[in-house]
Amino acid sequence: MKHIVTLKTRNLCESAAKGGCGECQTSCQSACKTSCGIANQKCENTNSVKENK
Amino acid sequence: MIHCYQLGGYNIVLDVCSGAVHAVDELAYDMIGQFEQSSETELLNAMQKKYPQVPREELQECYGQINALREDGQLFTPDVFEPMAGKLKEKSAGVIKALCLHVAHTCNLNCAYCFASQGKYNGERAVMSFEVGKQALDFLVEHSGSRHNLEVDFFGGEPLMNFQVVKDLVAYARSIEKTAGKNFRFTLTTNGMLIDDDVIDFANREMSNVVLSLDGRKEVHDRYRVDYAGNGSWERIVPKFQKLVEARGGKNYYMRGTFTHYNPDFLNDIRQMLDLGFTELSMEPVVCAPDDPAALTEEDKKIVLEQYEKLAELMLERDREGMPFTFYHYMIDLRGGPCIYKRISGCGSGTEYMAVTPWGDLYPCHQFVGDEHFKLGDIWHGLNNPEVQGQFASCNVYAKPECRDCWARLYCSGGCAANAYHATGSITGVYETGCELFRKRMECAIMLAVARSAENAEE
């Protein structure tokens, strides 16, 4: 019996290899202006898309 | 580090450092909670006692599944990221890729809760000239290094009080972006009072995103968002917002509201926005001094936390009814979200992101404008405040002792520097109320992802 369902997520440890391009949106620019969260940012590094496939 | 919580009927386990998200049954939930503190035999015996009806083999199977995830780096992953903290900022030292242009330090509304003190930022009323704005755009291009995407916000005060300059600056940016090898993304934040067909046409053509300020219910909105004669603005702006959004044809926008002590039940304001036909929504807790009448109290906070849960439930209901909507803080891209460098670097204020005053002074972000100590320089002579620049460059999630044991640290990357400063006097401090609300929002956002995944699997 399967006790655990794991959602498909980006592996943060692996993202260290190709990440850090800095092209993604600056946090707080788009809507909130009074808080900070990076969870809703999209990665804009085309290399990292391959990393997930 | 793991974070286990129960919400919306789901048992959820986050593996903080790998980013893995697991939906588990009750047995696995209990077992994971005690996994690191007990030997296999101790754990199986404890579970046998709690679940006498479950065969021993089943318990062993569950244990094996947990252990397999641990060995695969999806559970109990150690935090090895600290040496990377600051690397992104080091790599991009001197690179600026986003500016908040304060094109108008003046406003046609007189909202008492405004962090920008009615657009004046505790200074004189002023509007930005084209020359200043043009120099700011040149400054941005010149300092953007190899970055392709450059972000520019037209902010205020009320930026449409200086609309011609906004139009001229966009035209100027478009005239140089190809040669410069850049892509400008513009955002306009407006209270809506001056929206007309010309603004709608321009905004929908040129703005990647439009942020429209609406607090929700008429009585809530009109409590604060009044003109200088004290008249509420709701009746005047709502039809304009509706027209703009309809004409926008699916391009990004946010209805952005603020909730205060007077409407901690902000879900009613979300419902009002939905009733008006808006689907891209953002509601933010007010940012103000603790003794301000608008400030959220401890009692309010309890209501707000509950409202966040109810909001997630409403979103699932609306999904099922085929009428989905977006809440900014519940947007979470688990598969393609930010890399670890971004997650530990902080928001970029004072390094890759700065605010420009109408006269060309540079500040770490719009929330620091008006506080002379934080002035970083100006757009003609560049940056000349190495002490404050250094503070922002070294501000990351590992620079904040309180964040080390927080499961949400890789979702907020240490939080808002301005909120931290205003709450504690230091940008590496922690604004605890903000953290508490943020953690609840993340729990709800991840629960939504789990629920949507489960519901899709059933279909």
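The contact draws on 43 residues of chain A and 75 residues of chain B, where two residues touch if their C-beta atoms, placed from the backbone, lie within 7 Å. The model is predicted: local features need pLDDT of at least 70, side-chain atom pairs count only at pLDDT 80 or more, and totals for chains, interfaces and linings use all residues. Residues are numbered from 1 along each chain as its sequence is written, and chains are lettered from A and ligands numbered from 1 in the order in which they are written.

On the side of chain A that touches chain B, the elements giving two or more residues are β1 (4-6), α1 (12-18) and α2 (46-51) of chain A. Helices (H or I, at least four residues) and strands (E, at least two) are DSSP runs, numbered from the N terminus. α1(A) gives the most, with four residues.

A sheet spans both chains. Its four strands form an open sheet in the order β1(A)-β3(B)-β2(B)-β1(B), with antiparallel pairing; two strands pair if DSSP finds at least two bridges between them. The edge strands are β1 of chain A and β1 (2-7) of chain B. Neighbouring strands are turned by 25 degrees against each other on average, direction ignored. Three bridges join β1(A) to the antiparallel β3 (residues 20-24) of chain B. Ile4(A) stands opposite Val24(B) in β3(B).

Helix α1 (residues 26-34) of chain B lies across β1 of chain A and β1, β2 (10-15) and β3 of chain B. This helix runs at about 145 degrees to β1(B). Axes are lines fitted to C-alpha atoms, for helices over the stretch in contact, and angles run from 0 to 180 degrees between N-to-C directions.
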